[in-house]
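Reader: I would like a close look at one part of this protein, namely the packing of two of its helices against each other. Please set that part within the whole chain, and then follow a few individual residues elsewhere for context.

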Amino acid sequence: MAVTLNSILAVAPELSVETPDVINFFIAMAQRRVSPLVWGVHNDDGVTFLAAHLMTMKNRSGTPGNPSMQKVGDVQAQYVGFTNSNTALSSTSYGVEYLELRKLVVISASSV
């Protein structure tokens, strides 16, 4: 089974506002990040949840990470700090599902 627009909309119906081209772009992006050789039978699920996560993050306003601001007089600087990729992934329900699937992949690969 291949990941399709319908696969994404089945798990993330709120993303139906996106055009098919945008959804297919994010599917392709997620496919480049999820190796079928490593993920095996979980590959399509991993691609689906990662694509939904990436699209959800795209639709959020503001900057990801932990913002901090420093101001001295009229000069102001804002910084964004990232703790790790798991923190970013856990910021959406789809990213959390992706992380849970990734645990299965690691367990499966280490038990072989």
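**Two packed helices and their surroundings**

Author: The secondary structure of this protein amounts to six helices and two strands, and the model that shows them is a predicted one. Followed along the sequence, these elements come in the pattern α-α-α-α-β-β-α-α. The protein has 112 residues, of which 31% count as buried, and it exposes about 7,200 Å², with carbon and sulfur atoms supplying 59% of that area. If one takes the contacts between residues at least 6 apart in sequence, 52% of them join residues at least 24 apart.

The close look concerns helix H2, which covers residues 20–33, and helix H4, which covers residues 43–59. Two packed helices are described by the angle between their axes and by the distance between those axes. For H2 and H4 the angle is about 125°, and the axes lie 8 Å apart. Angles of 65 to 115 degrees count as roughly perpendicular and those over 145 as roughly antiparallel, and H2 and H4 are therefore described as oblique to each other. The crossing in which H2 passes H4 is right-handed.

On the H2 side, the contact is made by Val22, Ile23, Phe26, Ile27, Met29, Ala30, Gln31 and Arg33, while H4 contributes Val47, Leu50, Ala51, Leu54, Met55 and Lys58. Sorted by character, the residues of this contact divide into eleven nonpolar, one polar and two charged.

Helix H4 also holds Thr56. With a relative accessible area of 16%, Thr56 is buried, because the cut-off for that class is under 20%. Leaving aside residues up to four places away in sequence, Thr56 touches Leu15, Thr92 and Tyr94.

Just ahead of H2 in the chain one may look at Thr19, which is found in the loop between helix H1 (5–11) and H2. Thr19 has 42% relative accessibility and so counts as partly exposed. Its C-alpha atom is 9.7 Å from that of Leu5, the two residues being 14 apart in sequence.

A further set of residues links helix H3, which covers residues 36–39 and includes Val38, with helix H6, which covers residues 93–110 and includes Val105. Val105 is buried, since its relative accessibility is 5%. When residues up to four places away in sequence are not counted, Val105 touches Val38, Trp39 and His42. For one of these partners, Trp39, the C-alpha atom is separated from that of Val105 by 5.7 Å, although the two residues are 66 apart along the chain.

Val106 likewise lies in helix H6, but its relative accessibility is 53%, and it therefore counts as exposed. The C-alpha atoms of Val106 and Val38 are separated by 8.7 Å, with their positions 68 residues apart along the chain. Val38 counts as exposed as well, because its relative accessibility is 51%. From Val38 to Arg102, a pair 64 residues apart along the chain, the C-alpha separation is 9.9 Å.

To return to the part you asked about, H2 and H4 are oblique to each other, H2 passes H4 in a right-handed crossing, and eleven of the residues in their contact are nonpolar.

Notes
Residues are numbered from 1 along each chain as its sequence is written. This is a predicted model: local features need pLDDT of at least 70, side-chain atom pairs count only at pLDDT 80 or more; totals for chains, interfaces and linings use all residues. Side-chain values use heavy atoms; hydrogens and water are left out. Axes are lines fitted to C-alpha atoms, for helices over the stretch in contact, and angles run from 0 to 180 degrees between N-to-C directions. Helices (H or I, at least four residues) and strands (E, at least two) are DSSP runs, numbered from the N terminus. Angles under 35 degrees count as roughly parallel, over 145 as roughly antiparallel, 65 to 115 as roughly perpendicular and the rest as oblique. A crossing is left-handed if the near helix is turned anticlockwise from the far one by less than a right angle, and right-handed if clockwise. Contact means heavy atoms within 4.5 Å. Ala, Val, Leu, Ile, Met, Phe, Trp, Tyr, Cys and Pro count as nonpolar, Asp, Glu, Lys and Arg as charged, and the others, Gly among them, as polar. Buried means under 20% relative accessible area, exposed over 50%, partly exposed in between (1.4 Å probe, protein chains only). Accessible areas come from the Shrake-Rupley method with a 1.4 Å probe; for residues, only the protein chains shown count as cover.
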